[in-house]
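Keep the structure open as you read. The tour goes from single residues to helix pairs, then to cores and charges.

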Amino acid sequence: MSLNQLGSYLAWLVVPRAASAALQQGYYQVFYPAANTAPRPETPTYRRDQRISYIVVIVGYLIYTTSTTVTGVVAQGNFYSLLSLPIDVDEKSVRRKFRALSVHSHPDKGTGNEEVFIALKLASETLSSPLRRFAYDRFGMPALSWPEGKSELECVMRGIQSSIPQYVVSFVVMVVLSLFRQSAFGSYWRFYAYFAEFLIELHLITRTGIQEYLATYSPYPFTIRELIVLSRSLLITLSIAAAQLGPVLFPASLQPSTKLVREQQDVMKAMISKLTKVTDAINTEVTSTFITQTQPFVMPSQTKLGNQVGETYFKQKLQQYLVDLKLRSRPEVRDAIKRAVQAQ
């Protein structure tokens with residue numbers, strides 16, 4: 001899961017709630033202009049309008065995020081769009097197109113652009129080589145830095161190995177997010193989307209003809225890599241939308257069963273009882289220790305002493321206690337006390 005995907009997830013947690021509340025408020029202002037005529041929050045009508053507003057916002061935001069992702073991929077472009085070539089172009093047409101475009105962008109020309117020329121040359125070299133083109137179509141720009149492969153299978157295996165860290169990180173992030181889920185509904189949607197995306201990606205990178213089939217319906221020459229990016233974004237968005245809409249569409253499914261509630265209550269009662277017993281035991285032990293340690297300093301109850309005399313008494317007892325403690329800490333004294341106890 002990339003930072004953009006994580007940001008999209010956080011936006012899904014904030015935007016729909018705020019937007020649906022604003023939509024409902026605007027609806028009431030239009031259709032209930034008079035004061036104190038709009039439904040109150042505790043009424044069924046208000047809750048119904050709240051659910052409808054939330055569903056409308058979720059569906060609209062789903063369409064918006066999907067269209068934004070597609071627009072971003074198209075705006076970024078690829079080697080085919082750079083050369084204005086279809087996805088099923090042959091190598092000869094690639095070279096011919098490069099020669100035509102490089103005439104205007106060659107650095108030796110007065111109106112040439114070196115950066116554009118380098119990009120055109122890289123695109124031409126990539127699409128003219130069958131293996132490099134195969135790897136680029138499926139794994140994007142990172143595949144151009146790989147060593148020259150000997151077969152398509154080698155390119156596929158190298159691409160799968162490079163994708164493993166991303167899948168591991170995504171799985172860990174989903175596990176962490178599932179620990180903080182707000183409701184039981186849809187708690188496993190992310191994992192369904194995760195494994196679905198893995199199967200879709202594996203199918204896309206190991207099959208041919210998908211780009212050509214899609215080209216009959218889309219004017220933009222999508223590569224396999226771009227289709228994978230779109231599928232990842234779409235599945236993540238759909239899983240989040242499902243988790244958001246589930247509690248609204250199926251509120252009854254969120255109510256725990258009576259048996260489950262009773263089991264949880266029994267567990268809580270047992271834990272509270274055990275905690276009370278442990279607390280009582282600790283309190284008894286602390287009280288006993290306190291009495292034992294302060295006993296040498298307790299003044300006789302039958303002796304009536306003033307403040308000065310009482311302070312003198314306390315100092316004498318404290319001095320005696322420290323001397324006894326010092327003596328008992330000596331090894332020979334401990335051994336003597338031990339022998340005396342054993343002799344009794």
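A residue counts as partly exposed when its relative accessible area lies between the buried limit, under 20%, and the exposed limit, over 50%. Glutamate 154 has a relative accessible area of 28%, so it is partly exposed. Keep in mind that this is a predicted model.

Glutamate 154 has a charged partner. Its side chain meets that of arginine 158 in a salt bridge, at 3.1 Å from N to O. Arginine 158 is also partly exposed, because its relative accessibility is 21%. The two residues sit four apart in helix 7, so about one helical turn separates them.

Now step back to the whole chain. The protein chain has 13 helices and zero strands. Read along the sequence, its pattern is α-α-α-α-α-α-α-α-α-α-α-α-α. Of its 344 residues, 28% count as buried. Take the contacts between residues at least 6 apart in sequence: 58% of these join residues at least 24 apart.

Start the walk in the loop between helix 3 (79–83) and helix 4, where serine 84 has its place. Phi of serine 84 is near 55°, a positive value in a residue other than glycine. Is serine 84 buried or exposed? Its relative accessibility is 54%, so serine 84 counts as exposed.

Helix 4 comes next. Helix 4 spans residues 91–105, and helix 5 spans residues 114–128. Their axes come within 9 Å and cross at roughly 175°. Helix 4 and helix 5 are therefore roughly antiparallel to each other. On the helix 4 side, the contact is made by Glu91, Val94, Arg95, Phe98, Leu101, Ser102 and Ser105. Helix 5 brings Glu114, Val116, Phe117, Leu120, Lys121, Ser124, Leu127 and Ser128. By class, this contact has seven nonpolar, four polar and four charged residues.

Helix 5 also meets helix 6. The axes of helix 5 and helix 6 come within 5 Å and cross at roughly 105°. That angle is why helix 5 counts as roughly perpendicular to helix 6. From helix 5, Leu122, Glu125, Thr126, Leu127 and Ser128 take part. They meet Pro130, Arg132, Arg133 and Tyr136 of helix 6. The classes here are four nonpolar, two polar and three charged residues.

Next, the interior. In soluble globular proteins, nonpolar side chains tend to be buried together. Which residues touch the most other members of the largest nonpolar core? They are Ile205, Phe222 and Ile224, in a core of 16 residues. At least two residues of this core come from each of helix 6 (130–139), helix 7 (152–179), helix 8 (189–206) and helix 10 (224–249). Helix 10 gives the largest share, four residues. Another core lies apart from this one. That core has 14 residues, among them Phe79, Val94, Phe98 and Leu120. Val94 and Phe98 of helix 4 and Leu120 of helix 5 also appear in the contact between those two helices.

Look closer at phenylalanine 222. Leaving out residues up to four places away in sequence, phenylalanine 222 touches Val73, Val74, Ile87, Gln211, Leu214, Leu227 and Leu230. Threonine 223 follows, in the loop between helix 9 (210–215) and helix 10. Threonine 223 counts as buried because its relative accessibility is 3%. With the sequence neighbors up to four places away again left out, threonine 223 touches Asn78, Tyr80, Ile87, Tyr136, Asp137 and Gln211. Ile87 and Gln211 thus appear on the contact lists of both phenylalanine 222 and threonine 223.

Finish with the charges. How many salt bridges does a search of the whole structure find? It finds four. The bridge between arginine 158 and glutamate 154 was met at the start. Glutamate 197 and arginine 232 meet through their side chains in another, at 3.8 Å from N to O. This pair links distant parts of the chain: glutamate 197 is in helix 8 and arginine 232 in helix 10, 35 residues apart. Both residues are buried.

Arginine 232 also meets glutamate 201 in a salt bridge, at 2.9 Å from N to O. Here too the link joins helix 8 to helix 10, across 31 residues. Glutamate 201 is buried, as is arginine 232. Together, Glu197, Glu201 and Arg232 are linked in a network of salt bridges.

Notes:
Residues are numbered from 1 along each chain as its sequence is written. This is a predicted model: local features need pLDDT of at least 70, side-chain atom pairs count only at pLDDT 80 or more; totals for chains, interfaces and linings use all residues. Side-chain values use heavy atoms; hydrogens and water are left out. A nonpolar core is a set of buried Ala, Val, Leu, Ile, Met, Phe, Trp, Tyr and Cys residues joined through side-chain atoms within 4.5 Å. Buried means under 20% relative accessible area, exposed over 50%, partly exposed in between (1.4 Å probe, protein chains only). Contact means heavy atoms within 4.5 Å. Axes are lines fitted to C-alpha atoms, for helices over the stretch in contact, and angles run from 0 to 180 degrees between N-to-C directions. Angles under 35 degrees count as roughly parallel, over 145 as roughly antiparallel, 65 to 115 as roughly perpendicular and the rest as oblique. Ala, Val, Leu, Ile, Met, Phe, Trp, Tyr, Cys and Pro count as nonpolar, Asp, Glu, Lys and Arg as charged, and the others, Gly among them, as polar.
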